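Visitor: I'd like to learn how to read a structure like this one, feature by feature. Could you walk me through it?

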Amino acid sequence: MSKNMQIADVIVDVPTMQTNRPYTYLIPEQFQNDLEPGMRVSVPFGNGNRLIQGFITKIDYVKNNDINLEKYKEIQEILDIEPTVNEELLQLADWMAKYTFAFKIKCLQVMLPSALKAKYDRIFKFIGNDKTSAIQEIFGNDNELVESKHDLTPQKIQQLLNLRKKNLVEVSYIVKDKLTSKKVWAFRPILEKDSYQELSRKVSKNANRQKLLLELLQRLDSTKEYRQLEYANKLNLSSVDFKNAETKGWISRFKVDEYRDPFANIEIKRDEHKILSKEQDEAFKSISRDVNNHVNSVNLLQGVTGSGKTEVYLQVIDNVLKKGQTAIMLVPEISLTPQMINRFKARFGSNVATLHSGLSNGEKLDEWRRIEKNEAKVVVGARSAIFAPLKNIGVIIIDEEHEDSYKQEEMPRYDAKDVAIWRGKYHHCPVVLGSATPSLETRARAQKGVYKWLKLTKRINGKSLPKVHIIDMKEAYKDSPSPDFSIELLNEIYQTIQRKEQVVLMLNRRGYSSFVMCRDCGNVVNCPNCDISLTLHMDSRTLRCHYCGFEMSPPKVCSVCKSTKIRYYGTGTQKVEAELKKLIPNARILRMDVDTTRKKGAHQKILDEFGSQKADILLGTQMIAKGLDFPNITLVGVLNADTGLNFPDFRASEKTFQLLTQVSGRAGRADKDGNVFIQTFNPDHYAINLARKHSYEEFFYHEMKMRHMLNYPPYYYSYKISVSAKNEEQVVKRIYKIGNELKGILSAQAQILGPAPQGITRINNRYYYQIIIKYKKEEKLEEYLSKLLVSSQKFERNGELIVIDRNPNRFE
Ligand code: ADP
Ligand code: ZN
Ligand code: ZN
């Protein structure tokens, strides 16, 4: 064995025995000089030498005097031809593991599209001219070998990889997509345009449908695939017409994944830059100056709804592309609609890659590879798109920066904003955080000059923001025909529909739902596994637990007092819909909530229908508050503004204010004036009153005063530590032990809330207890938490789960 052998540091994936310390493996002779940091390999681990996956983080040569090579185990197999994680992302994973108290392997895995974690096949294609006998031996008469089909041994694969180095073999991946996606019919024109013309002239005069189809085929591009259903609908044809066309040899027909590249066939109109308003121009210039000078600034772009923030993003990105750089644009998952994506594709065409949950695993991998190969230079996506493997980033933009969803609620508990700022530093580029209602943390940093503060104070259409009316439900419901609607709101809905304009109604469902209660003894039907009442679902007539999924049919008799007077309480969207139908029978209503959007693409379908005026009223939960940009909406109604306020959480007011402002912004976006009606039992609450006045600034100062008084963020940093297990006593013991240890290391300036049971103490038969730490600067805290992370795995083997959450979204 030569003495200059290579060894590799590998971060391995051993469940419940994670460590952030890499293990060193010997790189066997046949892989020497083939491996790089960021590649995934499989390695033997533990006494049984079980094969597990890992990431190479470092490659080294064995020092000459270190001849005891036997102490190292050998890397078994290379899983990637090229590094899946580049040098920058390796460093980012290091930082993230420390910053969020996560295992490094989890940080590496979260950066990759899930398809890479799933099974996939490698395809080796011979691309040389003549096969030498050695190549002939591997390929035989084939030109393509599929890893799973051809039973390739590690030796053969190694030979193939060597051939790849000599440019004789090309390697590609296909995902063995476990998601069985729905297949739909597609077709492709296979004749010349002239032939279709010719045929069209020849078909009999009565064959209208054939004529229609032939005319269509003349217009379509024979290099593309088209969905049959789409054109059948457009031209009023049936699937038989397409089948006949296939039989006649006019088209080829085949099945495609329903969701495969949802935009391939949409002809997107190119869209030109708009002339920026003065405010937009100032923001654009300020950010672009930092792009041009490679200044790593963080910018708050605070602009009222409809003020043209997105147009600023588009032009900043355009400037970045012109300089040969790349850009990331994050939006909340729910606003990642085709409408939004089209806005980017209209400007940047195929330079745009999108990453979101509407894509299949295969599609995500395709997009990811396009980014990695520098084929796509603008990435538009939800939270995890912040890890897009772009090089030479010129700007990172996070829209609606106040959204909770930028924080991941499982390990690694990272905040995409923190990651954006880290990558901004790495690439020496500006980061832009945009919002109409910035989080207090961000706005406070802008105030202090830590972030640059850019403002768009006016709506683009020159209109003022919609007029907001507050309705006191303590009074209003008395003379209303319905407990959910005031007369005023009902009248407005009625008149808006009469004018052929559209209505958006929001039911604030945070911590609020329909439930079943006995009228005689007050007994509420609770989930047997959780400390929460079951939610009534009208469509399936079941009671369901939203935490653990438990389901039962509503009882006819009370389990406590045997009374039969069971009543349905609460205001679920289904119930409101039923009521609305009774109150305004001719109204056409679309409902959007978790039940109606469960199916893929359902969300978009509802929006499309509403956009094309197929309904008068869009009734939904929080999910309708964001991103809707429809000119005909002139009335927005909020049925219950309060439910969020009642939450025992320090951000309750902030979240309520943000939500009311967001949903109000849906009204009057074009040339018609908008009106908003907010029904509430707390008409004097500042969050509601200041939302009425559209006064973010007043809200900010008021809320900051409250936070200051109570020592809450942004004046203090925070951690939430929680423990859960099936045995409550075990949980209580552990959390008190942690609490005591913390008291031993924290300074007098820090504050501990708890230990206390969580808001909902029991979920799926596990008990949850927590400690909140509020602090400014603690020397010993991080070290303590790192140790807690490591020891937590020991506890995990006893069924105890410990979670460390830095800057948690909620304290409850
Ligand atoms: P925001 O993101 O702040 O809610 P948008 O960027 O969506 O606002 O802009 C609202 C509407 O105004 C969009 O329809 C957009 O096309 C249009 N718009 C934005 N900027 C301009 C401009 N400078 N001139 C004309 N129309 C504009
Ligand atoms: Zn009862
Ligand atoms: Zn439950």
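**Salt bridges, sheet and cores**

Guide: Let's start with a pair of charged residues: Arg-707 is buried, and Glu-654 is buried too. Keep in mind that this is a predicted model.

Visitor: Which salt bridge do the side chains of Arg-707 and Glu-654 meet in, and what is the N to O distance?

Guide: Arg-707 and Glu-654 meet each other in a salt bridge, at 2.8 Å from N to O. Arg-707 belongs to helix 22 and Glu-654 to helix 20 (residues 652-664), so the pair ties together parts 53 residues apart in sequence. Elsewhere, salt bridges with shared partners join Glu-577, Lys-581, Arg-591 and Asp-593 into one network.

Visitor: How many salt bridges does a search of the whole structure find?

Guide: That search turns up 37. Take Arg-443 and Glu-697, whose side chains meet with N and O at 2.5 Å. Here Arg-443 sits in helix 15 and Glu-697 in helix 22 (residues 696-709), 254 residues apart.

Visitor: Are Arg-443 and Glu-697 buried or partly exposed?

Guide: Look at relative accessibility, where buried means under 20%. Arg-443 has 0%, so Arg-443 counts as buried, whereas Glu-697, at 29%, counts as partly exposed.

Visitor: Now the sheet. In what order do the strands run, and is the pairing parallel or antiparallel?

Guide: To read a sheet, go across it strand by strand. This open sheet has seven strands in the order 15-16-14-17-18-13-19, with parallel pairing. Strand 15 (352-355) and strand 19 (452-456) are the edges, each pairing on one side only. From one strand to the next, the twist averages 20°.

Visitor: What is the bridge partner of Ile-398 in strand 18?

Guide: Leu-433 is the partner. Strand 17 (residues 393-398) and strand 18 (residues 431-435) pair in the parallel sense over three bridges.

Visitor: And which strands does helix 14 lie across?

Guide: Helix 14 (residues 416-427) lies across strands 13, 14, 17 and 18, at about 165° to strand 17. Helix 15 (residues 440-448) also packs on the sheet, where it touches strands 13, 18 and 19 and makes about 110° with the direction of strand 13.

Visitor: Last one: which residues have the most contacts inside the largest nonpolar core?

Guide: That core has 72 residues, and those with the most contacts inside it are Ile-386, Phe-387, Ile-738, Leu-742, Ile-773 and Leu-785. Leaving out residues up to four places away in sequence, Leu-742 touches Ile-721, Ile-752, Ile-771, Ile-773, Leu-781 and Tyr-784. Another core, of 38 residues, lies apart from it, with Val-504, Val-663, Ala-691 and Phe-699 among them.

Note on methods
Residues numbered from 1 in each chain as written. Chains lettered and ligands numbered in written order. Predicted model: local features only at pLDDT ≥ 70, side-chain atom pairs only at ≥ 80, totals over all residues. Heavy atoms only, no water. Pairing = 2+ DSSP bridges. Helix = DSSP H or I, 4+ residues; strand = E, 2+ residues; numbered from the N terminus. Axes fitted to C-alpha atoms, helices over the stretch in contact; angles between N-to-C directions. Contact = heavy atoms within 4.5 Å. Core = buried A, V, L, I, M, F, W, Y, C linked by side-chain atoms within 4.5 Å. Buried < 20%, exposed > 50% of the residue type's maximum accessible area, 1.4 Å probe, protein only. Salt bridge = Lys/Arg side-chain N within 4 Å of Asp/Glu carboxyl O.
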